[in-house]
Every structure is written in structure tokens, then in C-alpha cells.
There are 2 protein chains.
Amino acid sequence: MTKLKLRIYFDEAMLGPGKAELLEGIRDTGSIAAAGRRMGMSYKRAWMLVEEMNAGWQSPLVASARGGPGGGGAQLTATGDEVLRLYRDVMARAEEAVAGPVATLERMLKVRDMSDGK
Amino acid sequence: MTKLKLRIYFDEAMLGPGKAELLEGIRDTGSIAAAGRRMGMSYKRAWMLVEEMNAGWQSPLVASARGGPGGGGAQLTATGDEVLRLYRDVMARAEEAVAGPVATLERMLKVRDMSDGK
């Protein structure tokens, strides 16, 4: 199935599928480390992305309590929830808007033989 | 100014801003090497992308005559023209469709001090 990947480059910040997935993971797991693990992302990189996101917006997207080995837990702020919701809205609108030309492109692709002899 | 980057992942092929720009460059310059140079892309990589594009669609997107040092020249086929046109259409539709939520996101970004003391 055809998928779109869309990155939004603001003047000083970027928002794309990786950051959106990380925010979603933090919301679901309550942990930056666990959210990163779910995406096969190192703890260091997950933290770096969170710090980048927290610096780029008027208020932080992720609230976290630094803890010991177990970690202090993390959650989305109201701003984080809203940014995630808006990104999902962007994706849904884009997918709907481009469905026509994307279907035309699909018909122009080489047809693979799916029978595979079976 | 905010910019969108959109990649379309079909089952067996991908179309994104790099390939679109390369197609545009070939159309404008009549040369795969010159189109690649314009993007700071190596000759080898430009050729690789053209070969990938020519293999993925029902007919090739780029017609080229392999030549000597000067190169044999290259041009878009009718299919190449159409794929490029459809990708530009996808971009225009996506940009229009997401303008609302993107403007909301822009207002949530940290405001940079542009005065710079000057």
C-alpha cells in the first residue's frame, strides 16, 4: 500500500514522522526510553529529539522527571498533545488531497507478477 | 518560510523531491550529469537514480544516449514528463490542503528575536 512521508520544515524547526511517532510513544508508554526502544532508537537519540522539540516551541512538548535507572517518567504537555494532533491532521488532509494524482501514478508503475508460481 | 517535503512510498518504488528535481534538471539541461551537478550530486548517483526510475515504471522516464566525454544527452520521455507533472500536482494539492494546521503550528513555534541589535 502506498504511504506518504511528510516533513514540515519551519524556519527554525522541523516536524516529521519520526518526531510524531516519538511523541506518540511517550504518550503511550510514559517514558522517553521506552518510546525510543519501540522505534529501535537509542536512548541518547530519543533524548536529543525531545530536547530539540522542547527548545523549538513556545512551551515544551514533553515534561519529564529525570530519575535513576528506572527513569523518572515522561508525558506530553498540552502543547505536545496539540502539536501531535495537528501533525496527524496535516497527514490526514494531505493523504486525502493527493489521492487522485497518487492513484494515477500507481497505475503508471510497473506491474509486478504477484502469482509467484503458486 | 515553511516548506513541505513529501515522499511517496509505493510498494516497489519511491518518488520524492530529489528525484523530481533530478527529472526537472534533465528536462532543463538535456544532460544527466549537468542535472546532477546542479544539485551537488555525483554523476554516479544521478545515473543510479535514473536507472532506478527507469526500472520502476511501465516505461522509462528518461531517454539517454550514452556518449563519450561530452555525454550523449538525455531527455524526459512522455512518461517522465507526466510523472514529474503529477508529482508537482501532488505537492501543490498537499500544500493547499495543509495550510490551515501548518499556520496553527507556526503560531506555536518559539518566536525568534529578529532585531539582532541592528
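By what turn and what shift along the axis can chain A be laid on chain B? In this predicted model, where local features need pLDDT of at least 70, side-chain atom pairs count only at pLDDT 80 or more, and totals for chains, interfaces and linings use all residues, a turn of 180° and a shift of 0.0 Å along the axis lay chain A on chain B with an RMSD of 0.0 Å, the copies being superposed by least squares on the C-alpha atoms of residues with pLDDT of at least 70 in both. That is the relation of a two-fold axis. Residues are numbered from 1 along each chain as its sequence is written, chains are lettered from A in the order in which they are written, and side-chain values use heavy atoms, without hydrogens and water.

Contact (heavy atoms within 4.5 Å) joins 39 residues of chain A to 39 residues of chain B. Because 100% of the interface residues of chain A are also interface residues in chain B, the copies meet through the same surface. The buried area, that is, the accessible area (1.4 Å probe) lost on putting the two parts together, summed over both, is about 3,800 Å², with 67% given by carbon and sulfur atoms. Strand E1 (3-9), helix H3 (43-56) and helix H4 (78-108) of chain A each supply at least two residues of the side that touches chain B, helices (H or I, at least four residues) and strands (E, at least two) being DSSP runs numbered from the N terminus. H4(A) gives the most to this side, with 17 residues.

E1(A) pairs with strand E1 (residues 3-9) of chain B in the antiparallel sense over seven bridges, where pairing requires that DSSP finds at least two bridges between the strands. Within this arrangement, Ile8(A) stands opposite Leu4(B) in E1(B).
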